[in-house]
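Please open the model in your viewer and keep the selection tool at hand. The tour below moves from one selection to the next and says what is found at each stop.

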Amino acid sequence: MNQPPSGAAGDRPARLTVGVVGAGRVGPALAAALALAGHRPVAASGVSDASRRRAEALLPGVPLVEPAEVLARADLVLLTVPDDALPGLTAGLAETGAVRPGQLLAHASGRYGTTVLDPATRAGALPLALHPVMTFTGTPVDVQRLAGCSFGVTAPEELRLAAEALVIEMGGEPEWIAEEARPLYHAALALGANHLVTLVAQAMELLRTAGVGAPDRMLGPLLGAALDNALRSGDAALTGPVARGDAGTVAAHITELRRHAPQAVAGYLAMARTTADRALAGGLLRPELAEDLLEVLSDGDTR
């Protein structure tokens, strides 16, 4: 392949042979979505039994080969390995001569832009960063979830249209992220999604300790409404004892957490302080109530 796929309005990008290096939860799903758009997955690499099962489920009939062989067979190669492994993988593929000039190399890391692919770019590869803003299960449902999913896209200007076209073909919505903004962009997503899972899991544990038989059923409507309100209104959606300045209630929370779940105290205090700061700045928490509240939170650290 000597030219990147056309992204001009009304054009259908050229059909590509697609390879996957790293058959974790993300790569096979992206390749399967590209297959639905008419591209042709031709090779994948995976080491663990779980990776092999995922590849078989999402990319039936696609052979599992070594990474260098994936690059030899594919016009577009998805490098879907863990973030910390990506620099070494890219350097190794370039050093061994596996990279072909004109070959599209796309990674799905949120942390990195395209500079992590510089060794391959110097060997003639066309670098793309296509990060799907979605949590993956490693099952076929992931392909459906890509419909309407935002992708954080970073690429050289001359490849921008090609990158955006590939995202659209996967059913996603491209969002341009500057190279220097990638770490902040990824931190924001981790704060919102990964930490949310921790908070929800911890809340369910505490409800079970309190005797609730179905904490998921109890939390579902509450958290769904809270998420919807937050996405619509931001800080204006804040409710609860911290935003109201109910220092006595917060003190009771801390006492009970110390008694039943001391491992949850540090997280509660950190989130309560952040909530108080935002509620105060947004005019939701009255300054005269904030003083007592912050004193309770400060005392919570020293008990």
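Select Glu256 first, in this predicted model, and colour it by accessibility: at 34% relative accessibility Glu256 counts as partly exposed, because the buried class ends at 20% and the exposed class begins over 50%. Now add Arg259, which at 57% relative accessibility counts as exposed, and look at the ends of the two side chains, which meet in a salt bridge with 3.1 Å from N to O. Both Glu256 and Arg259 belong to helix 11 (residues 247–260), where they sit three residues apart, about one turn of the helix.

Next, go to helix 7 (residues 160–169) and select Arg160 and Glu164, which lie four residues apart, again about one turn of the helix. Their side chains form a salt bridge as well, at 3.3 Å from N to O. Glu164 is buried at 19% relative accessibility, whereas Arg160 is partly exposed at 26%.

For a salt bridge of another kind of placement, select Asp84 and Arg111, whose side chains meet at 3.1 Å, N to O. Asp84 is in the loop between strand 3 (76–79) and helix 4 (86–95), and Arg111 is in the loop between strand 4 (104–107) and helix 5 (118–122), so this pair ties together parts that are 27 residues apart in sequence. Of the two partners, Asp84 is exposed, with 68% relative accessibility, and Arg111 is partly exposed, with a relative accessible area of 37%. The count of salt bridges in the model comes to nine.

Now turn to the strands and show them as a cartoon: seven of them form an open sheet in the order 2-1-3-4-5-6-7, with mixed pairing. Strand 2 and strand 7 (173–176) stand at the edges and have a single partner strand each, so one side of each is left without a neighbour in the sheet. If you look along the sheet, the twist from one strand to the next averages 25°.

Is strand 2 (residues 40–45) mostly buried or exposed? Five of its six residues are buried, so strand 2 is largely enclosed by the rest of the structure. Strand 1 (residues 17–21) runs parallel to strand 2 and is joined to strand 2 by five bridges, and selecting Val20 shows this residue opposite Ala44 in strand 2. Between these two strands the chain passes through helix 1 (residues 27–36), and this β-α-β crossover is right-handed.

At the other edge, strand 6 (residues 150–154) and strand 7 run parallel and are joined by four bridges; select Val153 to find its bridge partner in strand 7, Trp176. Helix 7, visited earlier, lies across strand 3, strand 5 (126–132), strand 6 and strand 7, and runs at about 145° to strand 7.

Finally, select Leu76, Leu78, Leu128, Leu130 and Phe151, the residues with the most contacts inside the largest nonpolar core, which has 33 residues. Two or more residues of this core come from each of strand 1, helix 1, strand 3, strand 4, strand 5, strand 6 and helix 7, and helix 1 gives the largest share, six residues. Around Leu76, the residues in contact include Val18, Leu34, Leu104 and Leu166. A second, separate core has 20 residues, among them Val65, Val70, Leu86 and Tyr112.

Technical notes: Residues numbered from 1 in each chain as written. Predicted model: local features only at pLDDT ≥ 70, side-chain atom pairs only at ≥ 80, totals over all residues. Heavy atoms only, no water. Buried < 20%, exposed > 50% of the residue type's maximum accessible area, 1.4 Å probe, protein only. Pairing = 2+ DSSP bridges. Right-handed = clockwise from strand over helix to strand, strands pointing away. Salt bridge = Lys/Arg side-chain N within 4 Å of Asp/Glu carboxyl O. Axes fitted to C-alpha atoms, helices over the stretch in contact; angles between N-to-C directions. Contact = heavy atoms within 4.5 Å. Core = buried A, V, L, I, M, F, W, Y, C linked by side-chain atoms within 4.5 Å. Lists of a residue's contacts leave out its neighbours within four places in sequence.
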